[in-house]
Each structure stands twice: as structure tokens, then as C-alpha cells.
Amino acid sequence: MDPFGTYNKAISARATDKAILKKSQDGGIISASYIYGLESGLLDGVIVANTEKGFKAVPKIVTTPEEVLNAAGTKYTISPNVSVLKDAVREYALEKVGIVGTPCQVQAIRKLIKYPMGFRHTDSKIALILGIFCMENFPYEGMKAIVEQYAGIRMNDVLKTDIGKGKFWVYSKSGEVKTVALKDTHMYEQKSCHVCMDYTAELADISTGSVGSPDGWSTVFIRTKNGEEYINKMVEAGVLETKQIEEVKPGLELVQKLSLQKKEKNEKELGHRKELGLPIPY
Amino acid sequence: MVRVAHIHMSGCTGCLISLADTYEKLLDILGAVELVYALTLSDEKTEITETNDKILIERKIPENIDIALVEGSVCLDDHHSLDDILTTRKNSKIVVALGACAASGGVTRFARGGQMSQPSHSAFVPIGDVIKVDLALPGCPPSTESIVNLIMAALNGDMEYLEPFAEIAKYGKDACGCDVIKGVIDMSLCMGCGTCASACQVKAIDMIDGKPNIMTEFCIKCGVCGAQCPRIRFPKVVQKIE
């Protein structure tokens with residue numbers, strides 16, 4: 001089983017801008033890519049999963065670095081980023097759109113580029129597809145149950161959430177840090193995530209996630225020619241600091257382990273669905 | 001030269017306009033094909049028979065069409081319409097249901113007669129209810145790019161790319177916003193990407209708490225939400241990136 005999909009190069013990286021690192025989940029790759037794109041003119045608008053009241057994730061089309069920073073950080077709940085893609089090229093009249101998504105969202109974007117039935121004059125305006133690693137997601141009420149009932153922090157007080165080292169971490173604005181065992185979160189997972197065979201956003205131009213790199217850094221897969229040119233420009237402009245992935249711990253080995261874990265588990269679920277005569281994406 | 005025809009049934013010409021909306025790409029296509037029939041764009045073969053009490057004008061759908069792009073649905077209460085669609089099938093190698101009306105009835109699903117000057121014209125069906133359809137392209141209208149992709153794939157014989165359209169021709173006649181409810185949410189496959197909401201051409205889909213909410217009263221049964229959903233169909237060709 002292929003753990004990572006097609007890629008040209010894998011690196012470990014982080015943003016050089018301290019303001020980005022302060023707000024971002026890991027190495028700030030998505031925020032840095034967006035901000036660099038907006039400032040250099042490579043992008044004229046980007047789609048973010050905005051952080052709204054009650055730590056909700058809501059897709060938003062934004063055009064300034066401030067708005068990008070406001071959306072930084074992972075919300076472990078569904079943000080239908082593709083739902084505003086056509087608005088970005090219609091109502092906002094954007095010509096060079098950056099979009100970020102989980103692996104399933106990136107799949108959706110690639111499909112609508114190849115088969116753009118209800119997407120007139122949209123696919124040519126997509127300038128950059130960023131993907132984030134994803135093991136599974138939670139409905140908003142599921143995330144809320146984990147954060148409020150298990151971790152005991154009110155949604156309005158949440159500063160950051162994270163999944164790592166076998167735990168769901170909740171950081172409050174007042175400085176509290178609480179953890180929830182991952183086994184307690186499983187019942188809240190979105191069940192449709194269990195047919196997903198992609199961990200590292202295999203169809204993105206550039207995909208990134210925390211696993212494999214030290215705290216404060218991100219593992220980055222550069223997959224397409226477009227992605228490679230974009231990263232090279234960022235490095236040249238000095239907005240990214242990079243290391244060879246072989247030089248960092250725990251490195252790609254851990255990414256591979258988690259990816260295969262997801263794929264093997266979900267392959268069983270797909271088999272199970274087939275036995276029941278239920279449809280699977282094809 | 002590949003002989004292409006545009007056949008206008010009970011449609012609005014929006015599908016043809018969508019094709020023309022390709023600008024210079026349309027010229028590439030027209031360079032590769034011979035447009036043998038298109039009432040909107042070229043002189044058709046017309047036979048005029050004059051008798052004492054009436055003048056009969058007959059338009060002839062040509063023979064040996066390679067690809068017939070059929071726009072609009074069929075009015076079962078109009079015998080000219082039935083003749084045209086049957087002739088189209090007889091004279092064509094590949095019949096493409098171009099757009100929602102031809103593919104799934106679209107907005108004509110709601111027609112119910114009672115209007116002058118033909119109050120008896122009440123029954124409209126997708127062309128697949130009357131003839132065998134080879135490929136169906138949903139959308140109201142289908143995007144310019146998707147029409148070009150489909151025509152180019154048909155010209156190149158790229159059956160792998162065309163496979164989803166062949167399948168929609170077979171099973172897509174009942175298209176509706178309900179496809180997303182029945183085929184995706186109810187099947188525990190919806191992961192909330194929002195593609196259906198963005199694709200919907202009448203904004204009949206809202207994403208609420210990460211799942212599509214279908215406002216069926218706005219839905220015009222164009223089939224584009226279900227066709228664009230990556231959790232119903234995810235063709236292998238999509239997985240090839242450069």
C-alpha cells in the first residue's frame with residue numbers, strides 16, 4: 001500500500017515570520033503560503049477555515065494577511081471550504097485563488113477541475129491547492145462534547161486544540177491545558193471519515209501536517225510542478241526555513257506508520273460496506 | 001471529419017450558448033469537426049412545399065451524424081418533437097444529452113400544461129425516456145469547460161474519461177437535490193466538503209453544521225450536485241496529477 005501518494009520532495013519547514021508562528025498550529029506553512037501569495041501577487045484571494053465564535057470553523061474568502069492570521073490554527077470540525085469556491089470567482093471576481101483543504105476536500109477540488117459540470121470558468125482560477133494531513137474529523141457538536149464535557153473548557157474560552165501523542169489537547173485562553181484520551185473521542189468521529197483512503201492530501205500541490213517533524217515545525221510534501229515552483233519562490237523570498245526531512249526526528253517513518261494505519265483500518269471498513277451491499281465512492 | 005449536430009428540443013439554447021462561451025476554444029473544436037446541423041448557427045436543409053391551402057416547411061435532421069448534442073427535453077404532446085428525437089437517434093452514432101433538460105428533465109419537470117397557445121402541451125420527459133442515450137452531461141447549463149472536455153474526449157475516443165457520463169445517461173434521469181440526501185448523507189458517505197453547495201446553480205444548498213441542507217423548493221433537478229459529489233463518483237482519472 002502506497003502511504004504518501006505521488007510527491008517530488010518531502011521537507012521539514014516552518015515560517016520565518018514570528019507573528020505567523022505565534023498563531024499557527026505547527027510550522028505555519030499554510031498561513032505563510034497564503035500571506036506570501038497575497039503579498040507577492042501570486043494569489044489575489046484565499047479560502048480559509050475561519051475561526052468564529054464558539055471555536056467554530058466556517059469557510060471564508062479573504063484577501064488580506066490579517067484575515068489569514070485570524071483563521072490560523074486547526075479546528076477539529078468540518079469547514080466546507082469547497083462550498084465558497086464558486087463565490088470566490090464570481091462575487092469576489094478573483095483570478096488567482098488559493099484553497100486549503102483536508103484530503104477529502106482536495107479530492108473534491110481535483111474532481112471539479114477534471115469534471116467541472118457546475119463550475120463554469122472556475123477551474124482555471126485555482127492557483128494553489130494546499131492540503132493538510134487528516135486522520136479523521138468531528139462534527140461541531142462532537143468537538144464541543146470533547147472540549148466541554150471531557151476537557152471541561154468552554155468553547156468560547158478555547159485558544160487552541162491539538163491531537164498528538166495519543167491525546168486530544170485543549171488549551172484555554174487563560175492558560176489551562178487539558179487532555180482527553182483519544183479512545184474517548186472515537187464515538188464522536190464523523191463516520192464518513194472511515195471510508196477515506198488518504199492521510200496526507202495526496203492530490204494537493206503542497207500538503208503539510210505536524211506528524212514527522214519536531215514541535216513548531218511541519219512536514220511538507222511538494223507534489224506538483226506548481227507546488228514546487230511556489231515553495232522555491234517562498235524559500236527564495238526568505239519566508240520559509242527548511243530542513244531535509246531525513247535530518248529531523250521522528251521523520252517520514254512515523255508519517256508512514258500513521259498513514260498505513262488509517263488506510264488499513266479504512267480499507268476494512270470499505271470491505272465491510274461492500275459485504276453489506278452499501279455504496280462506496282468509485 | 002467528425003460530423004457533429006446540435007439538436008434543439010424543448011430547451012432554452014443556454015446549453016449552446018455555454019458551448020459558444022468557450023471563445024477561441026470553440027474555434028479549435030469547430031476546426032476539428034464539421035457542424036452539420038444547428039438551427040441557431042447555420043442554415044438547415046429546408047424543404048418548402050406549397051399547396052393551395054397551406055405551405056409546408058420541413059427541416060431535415062441529416063443522416064450519418066457522429067455526435068448529436070441534444071439540448072432540451074421531449075414534449076410528448078408534440079409529434080414534431082417526438083419525430084425529431086427518434087430521427088436523431090436513428091441518424092446518430094453517439095447521442096449526448098446536453099444539459100439538465102435533456103439529461104434529467106430539469107426545469108421542464110415542472111411543466112404541467114394549461115398555457116396558451118397549446119394548453120395541451122403538458123408532458124415533458126428527458127430524452128432518455130424516449131430513446132437510448134449514450135452520454136449525459138448534467139448542469140443548467142453544463143459549464144463551458146465540461147462541454148469542451150466531453151466533446152474532446154468523444155473525438156479522441158477517451159472512454160475512461162467519458163465513463164461517468166455514460167453512467168449518468170443510464171441512471172441519472174431522476175436527478176434531484178435528493179441525490180445528495182439519499183446517495184450520500186443517508187449512505188454515511190458525506191464528509192462535508194461543500195462541493196454540492198458550490199456546484200448548485202440556483203443556490204438551493206446551504207452547508208449547515210458541515211452537512212448540505214437541500215432546499216427542495218428551489219431545486220430545479222439539474223443533477224449537478226450529485227454528479228459533482230466526490231463521495232458518489234470518484235473516477236480514477238481524477239487521481240492523476242502533475
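Me: Where do the bounds of domain 1 and domain 2 of chain A lie?
Reply: Domain bounds come from an automatic or database domain assignment. The model itself is predicted. For chain A, the assignment gives domain 2 as 138-188 and domain 1 as 9-137 + 195-276.

Me: What distance separates the centres of domain 1 and domain 2 of chain A?
Reply: The centres are taken over C-alpha atoms. For domain 1 and domain 2 of chain A, the separation is 22 Å.

Me: How many residues of domain 1 of chain A are in contact with domain 2 of chain A, and which three supply the most buried area?
Reply: On the side of domain 2 of chain A, 14 residues take part, and they meet 14 residues of domain 1 of chain A. The two domains bury about 1,300 Å² between them, with 50% given by carbon and sulfur atoms. Of the area that domain 1 of chain A buries against domain 2 of chain A, 48% is supplied by three residues, more than by any other three: A:Gln25, A:Phe55 and A:Tyr76.

Me: Which residues form the salt bridge between domain 1 and domain 2 of chain A?
Reply: The rule finds 1 salt bridge across this interface. A salt bridge needs a side-chain nitrogen of Lys or Arg within 4 Å of a carboxyl oxygen of Asp or Glu. A distance of 3.8 Å between the closest N and O atoms therefore satisfies the rule. The pair is A:Lys165 and A:Asp215.

Me: How many charged residues are on the side of domain 1 of chain A that touches domain 2 of chain A?
Reply: Between the two domains of chain A, 9 residue pairs are in polar contact. The side of domain 1 of chain A that touches domain 2 of chain A holds 3 nonpolar and 6 polar residues, and its charged residues number 5.

Me: What area do chain B and chain A bury between them?
Reply: Contact involves 44 residues of chain A and 50 residues of chain B. Carbon and sulfur atoms account for 58% of the buried area, and the total is about 3,900 Å².

Me: Which helix of chain B gives the largest share of the side that touches chain A?
Reply: Chain B and chain A share 4 salt bridges, one of them between B:Lys203 and A:Asp87 at 3.0 Å, N to O. The interface also has 27 residue pairs in polar contact. Helices H5, H6, H8 and H9 of chain B each supply at least two residues of the side that touches chain A. The largest share, 5 residues, comes from H6(B).

Definitions and conventions. Residues numbered from 1 in each chain as written. Chains lettered and ligands numbered in written order. Predicted model: local features only at pLDDT ≥ 70, side-chain atom pairs only at ≥ 80, totals over all residues. Heavy atoms only, no water. Contact = heavy atoms within 4.5 Å. Buried area = accessible area lost by both parts, 1.4 Å probe. Polar contact = N/O pair within 3.5 Å; in protein donor to acceptor, adjacent residues only side chain to side chain. Nonpolar A, V, L, I, M, F, W, Y, C, P; charged D, E, K, R; others polar. Helix = DSSP H or I, 4+ residues; strand = E, 2+ residues; numbered from the N terminus.
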